[in-house]
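Please open the model in your viewer and keep the sequence panel beside it, since each stop on this tour begins with a selection. The stops go from a single side chain to strands, then to a small sheet, and finally to enclosed space.

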Amino acid sequence: MDDPDLTAPRYYLNRELSELAYQKRVLSEGTDERNPPLERLRFVAFFTKNTDEFFMKRVGGLKQQITAGITTTTPDGRTPREQLDEVIDAARPLFDRQDAYWRSELRPELADAGVAIREYDDLRGDRRDRLQAYFEESVLPTLTPLAFDPAHPFPFISNLSLSLAVLSTETGEETTFTRIKIPPNQPRLIEVPDASEQYVLIEDLIEANLDLLLPGLTVLDVSKFRVTRNAEVRRNEEVAEDLVDAIEDVLEQRRFATVVRLEVDADMPDESVRILTEHLEVDVREVFYREGPIDYEDFFELVDLDRPELKLPSWTPRSHPRLPPKVGDSRGEERPIFDEIRTDDLLVHHPYHTFEGTVQRFLDAAATDPDVLAVKAAIYRTASDSKVIQSLIDAADNGKQVAVMVELKARFDEENNLEWVRRLEEEGIHVAYGTIGLKTHTKTALVVRQEADGVQLYSHVGTGNYHSETAKGYSDLGLLTADRDVGQDLTNVFNFFTGPTLNEAFRKLLIAPVTMRKRFTEMVRREAEHARAGRRARIVVKVNGLEDPDMVAELYRASMAGVEIDLIVRDICRLRPGLEGVSENVTVHSIVGRFLEHARIFYFENAGDPEWYTGSADWMTRNLDHRVEAVTPVETPELRRQLRFVLEASLADNRRRWVMRSDGSYERAAPDDAPVRDIQEILMRATDAAVERGYGPGMEVDADLITRDLLVEPDDDGTSGDSSPATDDDSRETDHPDGEAASVFDAHAERWYHPDSETYGWAVRTTDGDRRYFKTREGARSRLRREYGPAT
């Protein structure tokens, strides 16, 4: 068989459709009745939040390309116009499903549990009277009806603002269109008087009392609508005199950007739709008719109700066992965090470990320790009341040298980050705003400390933002290390932020855009060479997105060489698994759980001398080529064991895991008759067990989930024990009737079988009584030889 042309579009999935497939999985959690009702509502609200951003960013970008006349095709062979058409076709049934489930299932179930969104007209008279009084006192003064007629221009409608479209008449002949904006500074959910956890929507309250706002008019129709505008607006950084001015200009442009979606009530009359589409310049295909409340995001407020029986059991992040609230020796003296890090590297995993007790503690100590000379940090996103920023300010006040990189181009956080830039500069701290042509996405901090044996460097390299709130809901990793090479590499990175150029020589860190792509490519190719030579070869990668066509092609080549590859990709994935002759050795998984899977882990088996990495980068073109990213090796065996546990538990998950088919659709993993294994529940239990055990690793590894297939340390001779090319015995094997090589399989016939699985073709019973599953004959044969020896 000739080598396939890996540039052919049939080998690549579409980026935008892949992201919508992820949103479909998010919505599936919102309709999965194994989740309690308020947990389902949380996912329904997240679906709205996520798809709002998708339309603002991705659909907005497609419309820009179409307007510019771009017809260049993506790796999957689609033009911008073809992508836009398919995206709209794929999105419409998702919104319909969201509305239908809310209307027929979730809203009634919540009402039965006492949490109800009520219809205004269904309330008894005294409650309506009190709500009307509330309307007159608190809501009516904030409303501004904007009429559209020959004397009034069509009103400006801001992005994501919810509005009422009112058709009315005064004479009974001419019709007037009036837009009423729902005030965003008023609560969307209005409590019903004397009825606990009963609400009416503010738009329904306004509609019921329009006679007070529009007296003397005959109202013909009232319909709700919402506009989504393009967020993909930019200013040329090369000609901008000041990056701050450029970002402020972007924020202003977004207010007036092109409309990319119009959501309207399902029964909005044609006249109102015509007026909106004509004056907003929206194509009729971009109109989405909604059967439910337009915008579910405000329902997060209900998720926060104190109704534990309607939610998953609460989780509070735990102290890391090596960093309890007070770390002391036998005399009860607190041990500085820097001594702990210098003793051995430390891996923290949020939200299982508390952010405040680990990363925040590291920065607080840097601010107050008299021996610290300098503190440097890269901020992509942070909380609006950030303690991280306060620690940096405190460090400067205490005489430390402080340098901060604040990425002003962090989408939807530009305004928040501008405020922090101004605050830091007011404190006399040196702030770098970003890099021309690049976003700074690395999540790193560096502390320089004078110690008895010289200046020591302490580093934090993480996968998540320095954001105390998202650290409670995002699953992220961070390495705290005193490794001198990592510290020197970070020194080079921070010098690039404030200096004129980036040093391309790094000792250990993989840094985008200078070394990361090259090193990852080399490691994938190395696995392929090991597989061809009969040595141990495996790749397991956990990322948020796999979009880069070149990395996809490298993985295809590794698969064709016989490398077994597991990709745990939360959302966007261009790679098609299971293609005959191309990706038969690749499985793509996706995990959607109560915490947003955000950690990145990279494992390369390397013939028994494994390499492990973690850091900020996905395998997306933007991360590898257009952002400053940092990925660090993890070398301490105990920390590798923790990463291995995370990967093994992820691959064993049968509750939150989905497996991709070759066409890009996903099938949910099911426990069938096996015990339910939820990766996030497993890690919560492992964290609790570690805390109960006391000082030591961050998680107590569950040995039942470790299949001993992902290596932590190399074998004594640096190989797997199965690294040599095929022996003479192997070369003499004859074909078995089922198409497999005979001798090893015949010699150990009672120790393997063909499982009833669409994914795995082979199963081997191991010496410890466990089973290992393989997609290929080579994998099963290798395991049989390692477990029981070659055929004799």
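**First stop: a covered arginine**

Select R261, which counts as buried because its relative accessibility is 0%. What you have on screen is a predicted model, and this arginine is found in strand 8, the run of residues 259–265. Show the side chains of R261 and D52 together, and you will find a polar contact of 2.6 Å joining them. If you then display the surroundings of R261, leaving aside residues up to four places away in sequence, the residues it touches are T51, D52, F55, F95, R226, V227, T228, E286 and F288.

**Second stop: strand 3 and its partners**

Next select strand 3, residues 162–169, where eight of the eight residues are buried. In a regular strand, side chains alternate between the two faces of the sheet. Colour L162, L164, V166 and S168 as one side of strand 3 and S163, A165, L167 and T169 as the other, and note that both sides are covered, with all of these residues buried.

Which strands pair with strand 3? Add strand 7 (residues 218–229), which runs antiparallel to strand 3 and is joined to it by eight bridges; within that pairing, L167 has D221 as its bridge partner. Then add strand 4 (residues 176–181), which pairs with strand 3 in the antiparallel sense over six bridges, and where T176 stands opposite S168. Strand 3 and strand 4 form a hairpin with six residues between the strands, and in this hairpin G172 takes a positive phi near 90°.

**Third stop: a three-stranded open sheet**

Hide the previous selection and bring up strands 1, 6 and 5, which form an open sheet in that order with mixed pairing. The edge strands are strand 1 (116–117) and strand 5 (189–191), each of which pairs on one side only.

How do the two edge strands run relative to strand 6, parallel or antiparallel? Strand 5 runs antiparallel to strand 6 (residues 198–201), and three bridges join them, whereas strand 1 and strand 6 run parallel and are joined by two bridges. To inspect the register, select E191, which stands opposite Y199 in strand 6, and then I190, which stands opposite V200; on the strand 1 side, A116 stands opposite Q198.

Now look at the two faces of strand 6, where Q198 and V200 on one side and Y199 and L201 on the other are all buried. Before leaving the sheet, follow the chain from strand 5 to strand 6, which form a hairpin with six residues between them, and select D194 in the turn, which has a positive phi of about 60°.

**Last stop: enclosed space**

Finally, turn on a cavity display, keeping in mind that the count comes to four cavities of 30 Å³ or more. The largest cavity holds about 90 Å³ of space. It is lined by 13 residues, and those closest to its centre are H350, F355, G464, N465 and D476, so a selection of these five will take you there.

Which strand gives the most to the lining of the largest cavity? Select strand 17 (residues 474–481), which gives the most, with three residues. If you colour the lining of the largest cavity by class, you will see five nonpolar, seven polar and one charged residues.

Technical notes: Residues numbered from 1 in each chain as written. Predicted model: local features only at pLDDT ≥ 70, side-chain atom pairs only at ≥ 80, totals over all residues. Heavy atoms only, no water. 1 Å grid on protein atoms, 1.4 Å probe; cavity = no way out; pocket = protein on both sides within 12 Å on 5 of 7 lines; lining within 4 Å. Points joined across faces, edges and corners; volume = space filled by probe spheres on them. Helix = DSSP H or I, 4+ residues; strand = E, 2+ residues; numbered from the N terminus. Nonpolar A, V, L, I, M, F, W, Y, C, P; charged D, E, K, R; others polar. Buried < 20%, exposed > 50% of the residue type's maximum accessible area, 1.4 Å probe, protein only. Polar contact = N/O pair within 3.5 Å; in protein donor to acceptor, adjacent residues only side chain to side chain. Contact = heavy atoms within 4.5 Å. Pairing = 2+ DSSP bridges.
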